[in-house]
Amino acid sequence: MGALDYISNFCTVTSTRSKRKPMQTVEIKVKMDCDGCERRVKNAVTSMKGVKTVEVNRKQSRVTVSGYVDPNKVLKRVKSTGKRAEFWPYIPQHLVYYPYVSGAYDKRAPSGFVRNVVQAFPAASSSNAPEENFVSFFSDDNVHACSIM
């Protein structure tokens, strides 16, 4: 049947196919206090078309939705439950060069996370970070060759 479908695509003049949304993972920060809040948010998102999995982490105030969904529609559905929600603003701390720069460090962030801000990363004009400059001093191929001396 695969060959017939392939050939029929060339023969048809009009296409009735609609573009399918790409598989995405949407992370949302939602303040949840109890099991009822958690259940209400999970049920609201699970009933959406295209949702494959929903993970709720009440300790981190985080909802992760995977599926063929539009991120803005997921956020709107979560807000319709009466909870204050926003897209997940944090990234893991080990991915950031300067985790304690103003604006990046947030006391309310979960453990091991900082805010995703531009100031936490090295400037684009200096493409080489200081750590990357020191790597080129030594060679793994010839251990006796050192560019410092």
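**Pockets, strands and two cysteines**

I would like to begin with the second largest pocket, which has a volume of about 200 Å³. Please keep in mind throughout that what we have on the screen is a predicted model. The lining of this second largest pocket is formed by Lys 19, Arg 20 and Lys 21, by Met 48, Lys 49 and Gly 50, and by Tyr 68, Val 69, Asp 70 and Lys 73. Sorted by class, the lining of the second largest pocket comes out as six charged residues, three nonpolar and one polar.

Let me turn to the largest pocket, for which the computed volume is about 320 Å³. It is lined by 15 residues, and the ones closest to its centre are Lys 29, Lys 31, Ser 61, Arg 84 and Glu 86. Taken by class, the lining of the largest pocket holds seven charged, six nonpolar and two polar residues. Which domains contribute to the lining of the largest pocket? Domain 1, residues 24–87, and domain 2, residues 91–148, each provide at least three of its residues. As for the strands, β1, which spans 24–30, and β4, which spans 85–87, each give at least two residues to the lining of the largest pocket.

That brings me to how these strands are arranged. β1 and β4 run antiparallel to one another and are joined over three bridges, and in this pairing Ile 28 faces Phe 87 of β4. β1 also pairs with β3, residues 62–67, again in the antiparallel sense and over six bridges, with Thr 25 placed opposite Ser 66 of β3.

Finally, a word on the cysteines, since someone at the bench may well ask about them. How many disulfides does a search of the whole structure find? The count is zero. By way of reminder, a disulfide is a covalent bond linking the sulfur atoms of two cysteines. Why, then, is there no such bond at Cys 34? The closest cysteine sulfur to that of Cys 34 belongs to Cys 37 and lies 3.4 Å away, and because the cut-off for a disulfide is 2.5 Å, this is too far for a bond. Looking from the other side, the sulfur of Cys 37 has that of Cys 34 as its closest cysteine sulfur, at 3.4 Å, and so it too is left without a bond. As to their surroundings, Cys 34 is partly exposed, with a relative accessible area of 36%, whereas Cys 37 is buried, at a relative accessible area of 6%.

Key
Residues are numbered from 1 along each chain as its sequence is written. This is a predicted model: local features need pLDDT of at least 70, side-chain atom pairs count only at pLDDT 80 or more; totals for chains, interfaces and linings use all residues. Side-chain values use heavy atoms; hydrogens and water are left out. On a 1 Å grid over the protein atoms alone, a cavity is a set of points where a 1.4 Å probe fits but cannot get out, and a pocket is an open set with protein on both sides within 12 Å along at least five of seven lines; lining residues have an atom within 4 Å of a point. Grid points are joined across faces, edges and corners, and a volume is the space filled by probe spheres set on the points. Helices (H or I, at least four residues) and strands (E, at least two) are DSSP runs, numbered from the N terminus. Ala, Val, Leu, Ile, Met, Phe, Trp, Tyr, Cys and Pro count as nonpolar, Asp, Glu, Lys and Arg as charged, and the others, Gly among them, as polar. Domain bounds come from an automatic or database domain assignment. Two strands pair if DSSP finds at least two bridges between them. Buried means under 20% relative accessible area, exposed over 50%, partly exposed in between (1.4 Å probe, protein chains only).
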